[in-house]
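Ready to explore a protein model together? Have a look at the structure below, and then we will work through some questions step by step.

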Amino acid sequence: MADRTPLVVVGDALLDRDLTGSADRLAPDAPVPVVAECAERTRPGGAALAAYLAARDGREVTLITGLGDDPAARQLRALLEPWLTLIALPQAGTLPEKTRVLAQDRPVVRLDRGGGHARAATDEARAVLRAAQAVFVSDYGRGTADALRAELADRPPLVWDPHPRGGAPVPGTRLVTPAEKEAHGFAPRGEAVGGGLRAAAHSAAALVRQWRVAAVAVTLGSRGALLSYGEHPLLVPAPGAHHGDSCGAGDRFAATAAGLLADGALVGEAVEGAVAAATEFVAAGGAGALPRADSRAAQDPPADADDPHALAARVRARHGTVVAAGGCFDLLHAGHVGLLQAARRLGDCLVVCVNSDASVRRRKGEGRPVTPLADRVRVLRALACVDAVAVFDEDTPERLLADLRPDVWVKGGDYAGADLPEAALLQEWGGQAVLLPYLDGRSSTALLARAAQGVR
């Protein structure tokens, strides 16, 4: 997008490779799984992944990194050059490669090779940094940030994503984004008191002082991030808990925060946006689910993370189970929450099909819904067990279900079998309609009746 501030990324590029297959037996000569029929995919890694993600956001990106002319480096160039401007520093050794072997989409082992290290800065790289409107450092400890440390100290970057093998961020950096374990390792001994949020808060505050930076955001995985300016930290919770592949989530977080800060956001706003982006990234399958950088499909606009049809397609492509549940959800209560939590445990994603306002009025009568559609959708999306929400305007969700084609359709146990016209529809594609136990005495109608009695 033309209105987004160009971003210069400084850091160490890697080449990541996934070998994905299936494992249903052990090798005859050792108790290790045999991963068969492996499909291979390569993608940018390290600082190259962060830069690639920023470019896919529609931003003009320049990546300064150590890069030679070995086969892995040539492969990485081919992946990156359609997306961004590449400024290569001379490199000693070959480009680092990280290969994951996955069976049923779960990592079995990782193989690392290549010890490349940036040797020195160049006049071209220095000139690009001097002219940069916004700088983001993605330091994987392989020399690029150290080679340009003097230039970075003169113009401190907006974001510095550190690595235990790398040097400290330059003083004046606006936001540093270590992971929780990294933050404890960087902090002075004795600062990580106890564990959990208390330890993260102590480490973050100590690092703000030690590094002389404006803020530190400690990423906490599915719990979100803890932002500290030196005291009284702000906890930014993740909008939902997802158990997908977290590979690359830290790069997604840091790249999003850098882009938002470049465009004028406050630090707190940037961290909130970065938490949301990283959560969506993991829900979509992480770095392993990115479109191929060298394919035509990768140049299409990224899928809407809230699109229930796209979500269902992604889960089916990974041979997962798509669960759907439906209702008006006019006044969300404990019965609804218990039902949706139980439904989510039945599969790999939960899509909630909710009646539009007109549909609710036809079913419940005038005066309903008391909560408009936009608010009902927002509350449902805020539940950790809900992955997406779809709206239907008809009296029943049959047309929507025919498009979504879920594997499991869930209703509360207060419905009789005769009240599930969707059951026959599910059979057309091999799906199953099920009833789940419902908490007695909980209903929107009963809540409204009690509220009216209280007013009287």
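Q: Under what relative accessible area does a residue count as buried?
A: This is a predicted model, and several answers below rely on cut-offs for accessibility. A residue over 50% relative accessible area is exposed, and one in between the two limits is partly exposed. Buried means under 20%.

Q: Is Ala277 buried or exposed?
A: Let's start with its place, which is in helix α9 (residues 267–283). Its relative accessibility is 16%, and the limit for buried is under 20%. Ala277 therefore counts as buried.

Q: What distance separates the C-alpha atoms of Ala277 and Ala255?
A: Along the chain, Ala277 and Ala255 are 22 residues apart. In space, their C-alpha atoms are separated by 9.7 Å.

Q: How many aromatic pairs does a search of the whole structure find, and which residues form the pair with 85° between the planes?
A: The search finds two aromatic pairs. In one of them the ring centres are 5.4 Å apart and the planes are at 85°, which makes the pair edge-to-face. The residues of this pair are Tyr52 and Trp83.

Q: How many residues apart are Tyr52 and Trp83?
A: Tyr52 sits in helix α1 (residues 47–56), whereas Trp83 is in the loop between α2 (71–80) and β5 (85–89). Both residues are buried. Their pair links distant parts of the chain, 31 residues apart.

Q: Why is the pair of Phe186 and Trp211 called edge-to-face?
A: The ring centres of Phe186 and Trp211 are 5.3 Å apart, and rings pair if their centres lie within 6.5 Å. Planes over 60 degrees apart count as edge-to-face. The reason is therefore the angle between the planes of Phe186 and Trp211, 65°.

Q: Which helices does the pair of Phe186 and Trp211 tie together?
A: Phe186 is buried, with a relative accessible area of 17%, and Trp211 is buried too, at 5%. The two residues are 25 apart in sequence. Phe186 lies in residues 180–186 and Trp211 in residues 196–211, so the pair ties together helices α6 and α7.

Q: What is the volume of the second largest cavity?
A: The structure holds two cavities of 30 Å³ or more. Residues lining the second largest one include Asp12, Thr65, Gln91 and Arg142. By class, its lining has three nonpolar, five polar and two charged residues. The volume of this second largest cavity is about 30 Å³.

Q: Which are the edge strands of the open sheet of five strands?
A: Its order is β18-β17-β16-β19-β20, with parallel pairing. An edge strand pairs on one side only. In this sheet the edge strands are β18 (388–392) and β20 (432–436).

Q: Which residue in β18 stands opposite Val352?
A: Strand β17 (residues 349–355) and β18 pair in the parallel sense over five bridges. Looking across to β18, the residue opposite Val352 is Val389.

Q: Which strands are at the edges of the open sheet of four strands?
A: This sheet has mixed pairing and the order β3-β2-β7-β8. From one strand to the next, the twist averages 20°. The edge strands, each pairing on one side only, are β3 (36–46) and β8 (106–113).

Q: Why is strand β7 described as largely enclosed?
A: Strand β7 is joined to β2 by seven bridges, running parallel, and to β8 by seven bridges, running antiparallel. The strand covers residues 97–103 and is called largely enclosed by the rest of the structure because of its count of buried residues: six of the seven.

Q: Which residue in the turn between β7 and β8 has a positive phi of about 50°?
A: β7 and β8 form a hairpin with two residues between them. Across these strands, Arg100 stands opposite Arg110 in β8. The turn residue with the positive phi is Gln104.

Q: Is Arg212 buried or exposed?
A: Arg212 has a positive phi of about 55° although it is not a glycine. Arg212 lies in the loop between α7 and β13 (216–219). With 59% relative accessibility, against a limit of over 50%, Arg212 counts as exposed.

Q: What is the relative accessible area of Arg405?
A: Arg405 is in the loop between α14 (398–404) and β19 (408–412). Arg405 has a positive phi of about 50° although it is not a glycine. Arg405 is partly exposed, with a relative accessible area of 40%.

Technical notes:
Residues numbered from 1 in each chain as written. Predicted model: local features only at pLDDT ≥ 70, side-chain atom pairs only at ≥ 80, totals over all residues. Heavy atoms only, no water. Phe/Tyr/Trp six-rings, centres within 6.5 Å; stacked < 30°, edge-to-face > 60°. Buried < 20%, exposed > 50% of the residue type's maximum accessible area, 1.4 Å probe, protein only. 1 Å grid on protein atoms, 1.4 Å probe; cavity = no way out; pocket = protein on both sides within 12 Å on 5 of 7 lines; lining within 4 Å. Points joined across faces, edges and corners; volume = space filled by probe spheres on them. Nonpolar A, V, L, I, M, F, W, Y, C, P; charged D, E, K, R; others polar. Pairing = 2+ DSSP bridges. Axes fitted to C-alpha atoms, helices over the stretch in contact; angles between N-to-C directions.
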